[in-house]
Structure formats: structure tokens, C-alpha cells
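Colleague: Hi! Could you walk me through this one?
Modeller: Happy to. Here it is.

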Amino acid sequence: MSHRPAEQFAFETYPDLASRALAGSVIWASDESFAERENLIAAHEPAFDPDEFGNKGKVYDGWETRRRRHDEIGGRDSAIVRLGVPGLVRGIVVDTAWFTGNYPTHIAVWGLTCDEYLPAEEIAALPEDKWTLLVPETPAQGDTRHPFTIAAESPEGGQRFTHIKLDMIPDGGIARLRVHGEPAPDPRFLVGTVDLAATENGARVTACSNMFYSSPNQILGLGRAHNMGGGWENARRRTEGNDQVTVQLAGEGVIRHVEIDTSYFVFNSPGDVKLTGITAGGDEVELVAKTRALPDTRHRFVAASDEPVVSVRVDVYPDGGISRLRVWGELTEKGTAEITQRWGE
């Protein structure tokens with residue numbers, strides 16, 4: 001038994017701000033009798049074993065609550081996610097994969113902006129008027145990805161959120177919650193030399209020639225990859241040319257040094273790598289000339305130019321995987337202003 005392939009939506013090019021891989025956390029749930037709330041933000045796609053049962057019943061890779069029987073229990077279950085990276089939400093996916101007879105009849109999604117480190121119980125107790133409705137109460141189906149686009153020009157599309165609340169009405173199971181958006185980090189933490197290609201600092205992938213095995217967004221993630229599955233791997237190229245990925249930096253900046261890491265890519269690392277900067281006017285600047293790459297190695301290079309750039313392109317020749325990209329530099333005044341605007345203060 002296998003879950004059908006998922007259709008991709010335009011907003012999914014933005015990183016998943018709720019992902020556990022970006023330090024997201026499900027801080028509270030009204031109930032998790034059958035399956036833990038933490039499953040909601042697992043980075044991997046939902047799995048299912050028809051023969052797996054536990055002491056509480058069928059085991060599901062998702063969040064599942066008990067059946068509601070009495071009015072005093074209330075009318076819905078809810079879970080609250082603290083985003084790993086605060087940001088401007090561009091789209092949400094509520095996935096009921098594998099829940100076919102125990103999915104909710106309706107769902108709703110709310111956003112909250114709270115920069116204080118409040119206990120989960122205090123967040124859960126906040127009145128409804130503190131939350132912004134992102135997805136109104138909507139009918140749900142079983143074993144289905146429910147996508148919701150949040151228009152950038154809408155009031156909620158221009159608001160920075162730190163927390164997301166998912167309502168499951170009245171009860172049931174949901175496999176995954178994805179919150180795709182534009183990272184909006186606190187500009188106070190982006191002074192001096194910082195990694196301008198890190199998702200947590202506001203960078204994101206804007207183009208990629210091939211992502212057959214894994215997403216290029218992973219090369220901008222936290223820490224180091226734990227295995228080959230934690231990086232970007234393309235298919236074996238059988239045509240002319242080479243593979244590449246383009247990253248929009250956190251803001252315009254001057255690059256000082258870079259790191260292209262092929263850790264865990266032992267027999268399928270690139271033969272050569274090159275890093276090109278792209279200016280606000282669209283001109284290309286050579287940051288790292290085409291250079292031989294080694295397998296399972298952190299390659300560090302001093303940038304060959306101090307011209308401000310807004311994006312970088314990594315070329316791998318002819319193909320092959322990398323686990324991390326780090327682009328260390330300082331923001332220009334223009335770059336700092338852009339980040340401050342996204343932060344909203």
C-alpha cells in the first residue's frame with residue numbers, strides 16, 4: 001500500500017517554517033491519545049504499515065486524538081506549533097495521509113505573533129482575538145493533502161508569525177502540517193559576519209535544475225547533515241551541461257568566505273564545483289572559480305570578489321550531491337533595510 005504522489009503548489013518553493021529540521025516544535029495539543037502531536041512536523045513524508053498495532057490501537061504516523069463523546073469535552077481538538085523560523089506565511093498544507101476512516105470533518109488554521117518565550121499553557125490560553133485566522137473552517141477529506149495559499153498582498157500575508165494553531169474539528173487524525181513561507185529573522189542577530197545563505201537568516205532556494213532524490217532546501221538547514229539524505233542530491237546526468245541551484249540570500253551582502261560541504265557523498269559527489277554571485281542588477285560575479293571537488297569533504301574558499309550580491313548559484317559538474325552551503329558575509333545597508341522591513345518593526 002502506498003500513498004499517491006503529491007501535487008506540488010507554487011508556495012511550496014518556500015521553506016517549511018514549521019519543520020522540525022528548522023527547530024520547529026509542537027508545543028501543545030488538547031489531546032494526543034492515539035498518536036503524538038510531534039509527528040505533525042516530522043520532515044519525512046508520512047509512512048504507513050497496515051500490520052502495525054500498539055497498546056492503544058492502530059499506529060499512525062501523525063497526530064490522532066480520541067473520539068469525542070460528551071459535550072463537556074468541547075467541539076474541537078487543537079495543536080500549537082512554534083515555528084522554527086518566524087516568517088511571512090505564503091501557504092499551508094494540512095495532510096491527512098493514511099487517515100481514511102478517522103480524519104476530521106473540518107479543519108482551520110490560525111497564526112500568532114509572540115516574540116516572548118511564554119510557557120505553552122499560556123500560549124494556549126490566549127484569547128481568540130490574539131490570533132489571526134489564516135484558513136477559515138474548511139471541510140476535510142481523508143488521505144488528502146489540503147493546500148491553502150496565503151496571498152502576499154493580503155493583511156495576513158504581510159504579517160510575521162511565530163506560532164501556528166491547527167484546529168481539528170471535531171476530532172480524528174492529521175498526518176502533517178506544513179507552513180511554507182518567507183523567513184523573517186530578527187535583524188538584531190544579523191550584524192557582523194553571518195551566514196547569508198542560512199534559512200534561519202532569511203535565505204531560500206529560488207531555482208534548481210534537478211531535485212530527484214532530495215530537496216535543495218536542505219543545504220541551507222541548521223547544523224551539519226547527519227547522512228546523505230540530509231543534503232541535495234540530483235539524478236545521474238545523461239545529457240550535456242551540469243546541475244545547479246540558486247539561492248536568494250538573506251539580503252544584499254558582501255561575501256567574505258564560503259563553504260561547500262560534500263559530507264556523506266562518497267561515490268556521488270560532484271567532480272567540480274563553482275560559486276557565482278548575482279547582483280541586484282542581474283550581473284554575475286565570480287566568487288569561487290570552477291574547482292575540483294572531493295567526496296565527503298568540507299571545502300572552504302575565500303571569496304574572490306567583494307561586490308555586493310543578492311543571490312548565489314552553485315554549479316556542480318556534471319552532477320552530484322552536496323550536504324551544506326554556507327555563504328559568510330556582511331549585509332549592506334540595503335540588505336539590512338530589507339530584513340528590518342520583513343521583521344515589521
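Modeller: This is a predicted model. Let's start with strand 9, residues 160-169: 10 of its 10 residues are buried, so the strand is largely enclosed by the rest of the structure.
Colleague: Nice. Which way do strand 5 and strand 9 run, and how many bridges join them?
Modeller: Strand 5, residues 77-95, runs antiparallel to strand 9, and 8 bridges join the two. As one example, Ile80 has Lys165 of strand 9 as its bridge partner.
Colleague: And how does strand 6 pair with strand 9?
Modeller: That pairing is antiparallel too, with 7 bridges between strand 9 and strand 6, which covers residues 106-112. There, His106 stands opposite Ile169 of strand 9.
Colleague: Back to Lys165, where does its charged end sit?
Modeller: Over the ring of Trp131, at 4.8 Å from the ring centre. Elsewhere, Arg204 lies over the face of Tyr14, 4.0 Å from the centre of that ring.
Colleague: New topic: how many aromatic pairs are there in the whole structure?
Modeller: The search finds 1. The partners are Phe9 and Phe11, with 6.1 Å centre to centre and 10° between the planes.
Colleague: Why does that pair count as stacked?
Modeller: Because planes under 30 degrees apart count as stacked, and these two are 10° apart.
Colleague: Are those two buried or partly exposed?
Modeller: One of each! Phe11 has a relative accessible area of 5%, so Phe11 is buried. Phe9 comes out at 26%, so Phe9 is partly exposed. The cut-off for buried is under 20%.

Definitions and conventions
Residues are numbered from 1 along each chain as its sequence is written. This is a predicted model: local features need pLDDT of at least 70, side-chain atom pairs count only at pLDDT 80 or more; totals for chains, interfaces and linings use all residues. Side-chain values use heavy atoms; hydrogens and water are left out. Buried means under 20% relative accessible area, exposed over 50%, partly exposed in between (1.4 Å probe, protein chains only). Helices (H or I, at least four residues) and strands (E, at least two) are DSSP runs, numbered from the N terminus. Two strands pair if DSSP finds at least two bridges between them. Rings of Phe, Tyr and Trp (its six-membered ring) pair if their centres lie within 6.5 Å; planes under 30 degrees apart count as stacked, over 60 as edge-to-face and the rest as tilted. A charge sits over a ring if NZ of Lys or CZ of Arg is within 6 Å of the ring centre and within 35 degrees of the ring normal.
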